[in-house]
Amino acid sequence: MAESEREIVFIKGDGIGPEIVDNSKRVVDAAIEKIRQGSIKWVEALAGAEAEKKSGNRLPDETIAAIKRCGVAIKGPIETPVGKGFTSINVRLRLLFDLYANIRPVKYVPGIASPIAHPEAIDLVVFRENTDDLYRGIEWRYDSAEAGKVRNFLNSNLGTDIEDDSGIGIKVMGRAKTERVTRMALEYAIKHRRRSITVMHKGNIMKYTEGAFREWAYNIAKTEFRNSIVTEEEVAAGASRNGKILFNDRIADNMFQQIITRPGDYDLILAPNLNGDYVSDAAGALIGNIGVLGGANIGDRYAIFEAVHGTVPKYAGQNVANPMGMLSACCLMLEHIGMESVSLMIRDAISATLKDRIATRDIARFMGTAPVGTKEFSDAVIDRLGR
Ligand code: NAP
């Protein structure tokens, strides 16, 4: 391997995954070629339906070993059945590699139609805890022996009154997990010069999980980052912001209406796992389309980058999917491995492509232009690299 060559795992995934991953890799390779700085050696690994077909296992040991060896991967979306079947491979990867922060930047890209009047005000980062909460998958079907045991235990010992036909899911939120993601969010906010951090929670109803998340987050901000933050309460009492990060919180339902009515007031949203999932799709809709968002799953040792959207099975294999979400994930990956200039070149080329009114169907239909395919959009981005 050449000295500056970096091995990166790629997983094509299901549905539109192979098309958007292949085309995004082409764009990254072309940008690296153009800029002549560093290089990437792509290492393919399987996960999802293709892996099951070839090895009988949706998450083969070889894939886990490849990510362990390389440390960094990009991944296409992977399907998860609703209400039955296997557990999410995406969630398993996050837990297995302890990728405890999911970071989703949401910034308006000029040229894309948005449902709100001033989408240019949107420049948000959703920082989602990625390993805790209901996503731990501790749940039992209503008619299982396990659900019966849990209901009996709770009803007999803890004074609850759970009906016999109830499924059981356990919401777990830990102090250490909340503290480490809060630390990472604060460090990120300082490094990226963000203006504020808003903790999104439903602590009025779920006091000892989401309410505790809020309390633990404030505690880390006030004890470990005292010189970098000022709370909303302190500002209301007369404290000066003085260039510090404003630390505040919003109840989850209010958070949704706030980002729709006053998106410019929010900068970095720190949320538990489920809230973070919901709010990042809602924020994506504000800039016109979740198909354009990329996300980073980051832990202390490993990182996996993916588009925010899913497998969109109805568009699979048709060369119509938008590769921008996957491209954005690749840009985040490039920034993570220190190839910022390559990332910037790709982002600029995407903007130039949209400015020339070249877009896939999801965006073109609102632009009033004829759509191009996934491959043709990627070719257009490659043509505009470094222009
Ligand atoms: P989805 O696949 O994201 O699709 C939702 C809608 O978003 C599509 O119907 C389409 O809208 C639009 N869309 C999303 N990405 C697009 C793109 N790149 N190009 C064009 N249009 C795009 O969500 P879903 O239907 O809820 O989930 C499908 C499967 O994906 C499920 O099995 C789910 O578990 C999985 N999933 C995986 C991940 C992951 O791997 N991280 C994340 C989310 C979901 P229109 O219908 O308006 O054209």
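Colleague: What makes the approach of Val312 to the ligand a polar contact?

Modeller: An oxygen atom of the ligand lies 2.9 Å from a polar backbone atom of Val312. A polar contact is a pair of N or O atoms within 3.5 Å (within protein, one must be able to donate a hydrogen and the other to accept it, and residues adjacent in sequence count only if both atoms are side-chain atoms). So the pair with Val312 qualifies. This is a predicted model: local features need pLDDT of at least 70, side-chain atom pairs need 80 or more, and totals for chains, interfaces and linings use all residues. Residues are numbered from 1 along each chain as its sequence is written, and side-chain values use heavy atoms, without hydrogens and water.

Colleague: Which atoms of Ile78 and Glu306 meet the ligand?

Modeller: For Ile78, a polar backbone atom is 2.9 Å from a ligand oxygen. For Glu306, an N or O atom of the side chain is 3.1 Å from a ligand nitrogen.

Colleague: How much of the ligand does the protein cover?

Modeller: The protein covers 68% of the 890 Å² of accessible area that the ligand has on its own (Shrake-Rupley method, 1.4 Å probe).

Colleague: How many residues surround the ligand?

Modeller: There are 22 (each has a heavy atom within 4 Å). Ile78, Gly310, Val312, Lys314 and Tyr315 are the closest. The shell divides into 8 nonpolar, 7 polar and 7 charged residues.

Colleague: Why are α1 and α11 called oblique?

Modeller: Helix α1 (residues 17-35) and helix α11 (residues 324-336) cross at roughly 45°, with axes within 9 Å. Under 35 degrees is roughly parallel, over 145 roughly antiparallel, 65 to 115 roughly perpendicular, and the rest oblique. The pair α1 and α11 is therefore oblique.

Colleague: How do α6 and α7 pack?

Modeller: Helix α6 (residues 175-191) and helix α7 (residues 210-224) pack at about 50°, with axes 9 Å apart. That makes α6 oblique to α7 as well.

Colleague: What makes α12 and α14 roughly perpendicular?

Modeller: Their angle is about 115°, with axes 8 Å apart. Helix α12 (residues 340-355) and helix α14 (residues 374-383) are therefore roughly perpendicular.

Note on methods
Nonpolar A, V, L, I, M, F, W, Y, C, P; charged D, E, K, R; others polar. Axes fitted to C-alpha atoms, helices over the stretch in contact; angles between N-to-C directions. Helix = DSSP H or I, 4+ residues; strand = E, 2+ residues; numbered from the N terminus.
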